[in-house]
Amino acid sequence: MKSIYKLFAVTLILTVFASCSNDDDATEELMGENSITLEFDNSVGSDDLLLATSSYTNSQNETLTITRLNYIVSNFRLTNDEGEVFTYEKDDSYFVTSEETGSTEVVLENIPAGNYVSITFGIGVDQEKYLQGAEGQGDFLTVAEETNMMWSWQAGYKFLNFEGTFTSETITEVTDFKVHMGSHGSSLDNYKEVTLSLGTDALVSDEMSPIIHLVADANAILDGENKLSLTEQSVIMVSEEKSPQVALNTASMFTVDHVHNGTGDSH
Amino acid sequence: MKYLFWVLLSVFLVSCSDDDYVAIENTLLTVEVPENFPELAYDIEANPPTQLGFELGKKLFYDGKLSSSGFISCGFCHEQSSAFTHHGHQFSHGVNDLEGTRNTPTISNMAFFNEFAWDGATSHLDLFPIIPITNEVEMGETMTGIINKLIADAEYQKEFEMAFEEGGVNAENFLKAISQFMVMMISSNSKYDKYVRNEEGGELTEQEAYGLEVFQQKCATCHATDLFTDGSFRNNGLPPNPQLNDIGRAEVSGSDSDNYKFKVPSLRNVSLTAPYMHDGRFGSLESVLNFYTNGMIESETLDDTLRTDDGLGIALNDTEKEGLLAFFEILTDDTFINDERFSEY
């Protein structure tokens, strides 16, 4: 038996070496284009996010029950192993992901074949896009409205809509919290971008359409790099101080958990 | 004809259900920038006004369908005879007899501005209509609700398809049509304009010329350019109405340093746009001038230009006030308020 293991190990090593030396050839073999699916898997710390069900206690000793987690992701860019950047068509690159409606997948179509090593995207709507007005909006405004992501009183977008109830040491009665974050007219730009290494290359070709499984840790929104206490302020919407902190925290909540390479129809 | 449109014919094809092609003529309208005006702020190339787009925008502007009750159109509060303000109303009135907390501002020369609403809640003209449409005390509708109503209306469907090459009835084209209407609403033919451009009918009386001089010395820092605003947000020292405590620009920015700041309004057609101030508290221009001389209160965010060695406000004697009132009259643009292109009927 042992020798079989040895043989297996040697074969494995050889295969690895072989595929290494053939890397360039392999890239050339990736032809055509296909879609990439991004799955935004919302969690709280290491737990799955269950809306209006589980409660989560954070490092500030506040216990949250989350009823809504919607956010806008946008402006996708993919970098391949040769450092080339593919930028997704801007007008088509705005998506609302919503835990309550279950639309947590973003499908990027017509991605050219390649070995992609990292992904960059925005959280929210950039000022450049906003200042195009209606141009290129298509139906995004109504999509945002239907998912509670339109900030209608300022004709803008909520980049993040995070709501629920909480209790803390001093607030013992169940109390609503609302965290809405977006840019403040022309005075404060809260759009942020994040670049994530994929760990495993995502392979795109005529035959291969990978799924990138991202985890979004909702705990980071209030309990990330910046600590925001709901006990102190349970409704955070337009605050020159707190909104940028929420924006930074939100941008840092994403990690790539794993990549599925293949035909894209199975996990 | 002052408003001469340089008409370029563009012909595009609209597909019919039976696969015949019918040529629909749409004409591109050219926005003429008055020579005494600054550059356009609106990106005409992104949404070039056309005859059919403009007409569609006008129809939408005057259609109560845009509100939840079916009765409150944009034109309900923005009446042409009052330079597209709500004459005699301190606050905007909306569905179910609800009332807003701010005074309806004028719609004219919007294509020259970068910030909209008293607090600059949006920085793009196209997106502005969302604010009154979705406000519960104004039109009380949703964008989705309106688009669905328009989709269900065969006439609108046809008009959208004729006005826009792609997309048909959708939020983008809906907002573009209304913008095309507003972009064309340029008021630039007051006696003052004619005076500045050395045109016939621009001869000022002694009193009017004196008023202009006083204005340039004492008011034009904020009411700058021939748009009569520098577009900035300032606290002009109005005592806040304790029942509303409207903090203005700070609502948008979330910054205490913007407390009680409101956008400097244009003074075009100011004689027609009573009441005055963001909350419509003053019924006459005399009261406005009296406020600037004696009514101001100190606060942290009060505009520095209104603090002088002699105290707060703008020093004006009675002669100067009379001059200013005469000057305000020459900002009235009869051509604009009677222009049939913008009329409801």
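In strand 7 of chain A, A:V107 is the bridge partner of A:T37; helices (H or I, at least four residues) and strands (E, at least two) are DSSP runs numbered from the N terminus. Residues are numbered from 1 along each chain as its sequence is written, while chains are lettered from A and ligands numbered from 1 in the order in which they are written. This is a predicted model, so to speak of local features takes a pLDDT of at least 70 and side-chain atom pairs count only at pLDDT 80 or more, whereas totals for chains, interfaces and linings use all residues.

The A:T37 bridge belongs to an antiparallel pairing: strand 1 (residues 33–44) of chain A and strand 7 (residues 105–112) of chain A are joined by six bridges. Two strands pair here if DSSP finds at least two bridges between them. Strand 1 of chain A also runs parallel to strand 14 (residues 211–217) of chain A, with seven bridges linking the two. One of the partnerships there puts A:E39 with A:H213. Then there is strand 2 (residues 47–48) of chain A, held antiparallel to strand 1 of chain A by two bridges, with A:D48 standing opposite A:S43. Strands 1 and 2 of chain A make a hairpin with two residues between them, and A:G45 in the turn has a positive phi of about 60 degrees. As a rule, in a regular strand the side chains alternate between the two faces of the sheet.

Chain A as a whole comes to six helices and 16 strands. Of its 267 residues, 40% count as buried, that is, with 20 or more other C-beta atoms within 10 Å of their own; exposed means 12 or fewer, partly exposed lies in between, and C-beta atoms are placed from the backbone. Among contacts in chain A with a separation of 6 or more, 77% link residues 24 or more positions apart. A contact means that the C-beta atoms of two residues, placed from the backbone, lie within 7 Å.

Over in chain B, helix 8 (residues 206–218) checks out on length: at 1.5 Å a residue its 13 residues should span 18 Å, and the end C-alpha atoms are indeed 18 Å apart. The expected span is 1.5 Å times one less than the number of residues. Buried in this helix are B:G211, B:L212, B:V214 and B:F215. They sit on the same side of helix 8 of chain B, because they cover an arc of only 165 degrees around the axis, the arc being that of the directions from the helix axis to the C-beta atoms. Helix 11 (318–329) of chain B is included in what covers them. On the other side of helix 8 of chain B, B:E206, B:Q216 and B:Q217 are exposed.

Where the chains meet, chain B puts in 32 residues and chain A 27 residues. Helix 3 (130–134), helix 4 (143–151), helix 6 (171–183) and helix 9 (249–253) of chain B each give two or more residues to the side that touches chain A. Helix 6 of chain B supplies the largest share, five residues.

As for confidence, the predictor gives the complex an ipTM of 0.82 and a pTM of 0.87. Mean pLDDT, the predictor's per-residue confidence from 0 to 100, is 90 for chain A, with 88% of residues at 70 or more. Residues 10–27 of chain A stay under 50, and the model has one contact for them beyond four places in sequence.
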